[in-house]
Structures are given as structure tokens and as C-alpha cells.
Amino acid sequence: MKTRSVLELADVKAIAAAAEAEALQNQWAVTIAIVDDGGHLLWLQRLDGAPAISAQIAPAKAHTSALGRRESKVYEEVINGGRTSFLSVPGVQGMLEGGVPIMKDGQCIGAVGVSGVKSNEDAQIARAGIAALGL
């Protein structure tokens, strides 16, 4: 049997606070979603002024990143590269940049998804949140 780390509420709050700080520092109105390693929602935070649809997109990006164990940007690049059949993958919806896995000791323990600004800025916010864990 293996022993692995899991996100606790204190971790989730630290990620959310750091991601929010990054967004506010840049005056970006976004939604921040944090999921566990199975893609289950642990946190959803929609900042003032964030588009309503971002509350659907951010969790989808996080879910995709957690299940795939990689940044959601990878899937966007696959599709943009011409493999449009990838759009038919069951149960995966957030195939846009902005979902970033939380990796510890080579294992995915969750992911952060952000939506509301440019995709690379969404990813920047997600990475800032994850950095708060000091992994």
C-alpha cells in the first residue's frame, strides 16, 4: 500500500487566499475553483465582477486538470493541433488553459481552475494559489 497526501481545509483556504490575492493585485475579476484528486469540488469563489459563466468554466478546468494529472492547457493544444476527436472524451469539459494540477511527491492531490480573464492569466492565478503550499 502507498501513503499519499490529501488536501485539508487549511490547504484549500491557503490556495484560495493566494489565488485571490494574485487576482486582486492585477485587478482581474475571476472565479477560482479547487478540487480534490478525483475532481470533486472543494472550493468555489467568484470575485466581484467575474462573469457568471466563469462559475461553470473554472470547476470544469480544475476537474479536467485533476483527472488528467496535467494542466488543462495540454488538452487545448491537442485540439488546436487538429485532433478535434478529443472533444468526444467522456466526462471531460474544461479543455482550456487555466486548470493546474497540485502535485506533491509525484502524485496529483487536486487542482485549481480559474476563469474570467485571458487563459494564460487564469493559469497564472492558479499557479500563485498552488505556490502558497510551498510544494
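These are my notebook entries on the cores, one helix pair and a few single residues in a predicted model.

**Cores**

I started with the nonpolar cores. The largest one holds 20 residues, and V30, I34 and V112 have the most contacts inside it. I then looked up which elements give two or more residues to this core: they are α1 (9–25), β1 (31–36), β3 (99–104), β4 (107–115) and α4 (119–131). Helix α1 gives the most, with five residues.

Apart from that core I found another, made of six residues. A33, V35, A62 and A111 are among them.

I went back to V30 and listed what it touches, leaving out residues up to four places away in sequence. The list has A23, then Q45, R46, L47 and A50, then the run V114, S115, G116 and V117, and finally D122 and I125.

**α1 against α4**

Next I checked how α1 and α4 pack. Their axes are 7 Å apart, at an angle of about 140 degrees. I had to look twice at the label: the pair counts as oblique, because roughly antiparallel is kept for angles over 145. I noted the crossing of α1 past α4 as right-handed.

Which residues meet here? From α1 I wrote down I15, A18, A19, E22 and A23, and from α4 Q124, I125, A128, G129 and I130. By type, the contact divides into seven nonpolar residues, two polar and one charged.

A23 and I125 were already in my notes, since both are on the list of residues that V30 touches.

**L9**

Is L9 buried or exposed? This residue of helix α1 is exposed, with a relative accessible area of 53%. The cut-off for exposed is over 50%. I also looked up its distance to W43: the two sit 34 residues apart in sequence, and their C-alpha atoms are 9.3 Å apart in space.

**Positive phi**

Last I looked at backbone angles. Most residues other than glycine have a negative phi, so I wrote down the exceptions I came across.

R69 is not a glycine, yet has a positive phi of about 60 degrees. I found R69 in the loop between α2 (54–68) and α3 (73–80). Its relative accessible area is 40%, which makes R69 partly exposed.

D105 is not a glycine either, and its phi is positive at about 55 degrees. Where does D105 lie? I traced D105 to the loop between β3 and β4. With a relative accessible area of 68%, D105 is exposed.

Conventions: Residues are numbered from 1 along each chain as its sequence is written. This is a predicted model: local features need pLDDT of at least 70, side-chain atom pairs count only at pLDDT 80 or more; totals for chains, interfaces and linings use all residues. Side-chain values use heavy atoms; hydrogens and water are left out. A nonpolar core is a set of buried Ala, Val, Leu, Ile, Met, Phe, Trp, Tyr and Cys residues joined through side-chain atoms within 4.5 Å. Buried means under 20% relative accessible area, exposed over 50%, partly exposed in between (1.4 Å probe, protein chains only). Helices (H or I, at least four residues) and strands (E, at least two) are DSSP runs, numbered from the N terminus. Contact means heavy atoms within 4.5 Å. Axes are lines fitted to C-alpha atoms, for helices over the stretch in contact, and angles run from 0 to 180 degrees between N-to-C directions. Angles under 35 degrees count as roughly parallel, over 145 as roughly antiparallel, 65 to 115 as roughly perpendicular and the rest as oblique. A crossing is left-handed if the near helix is turned anticlockwise from the far one by less than a right angle, and right-handed if clockwise. Ala, Val, Leu, Ile, Met, Phe, Trp, Tyr, Cys and Pro count as nonpolar, Asp, Glu, Lys and Arg as charged, and the others, Gly among them, as polar.
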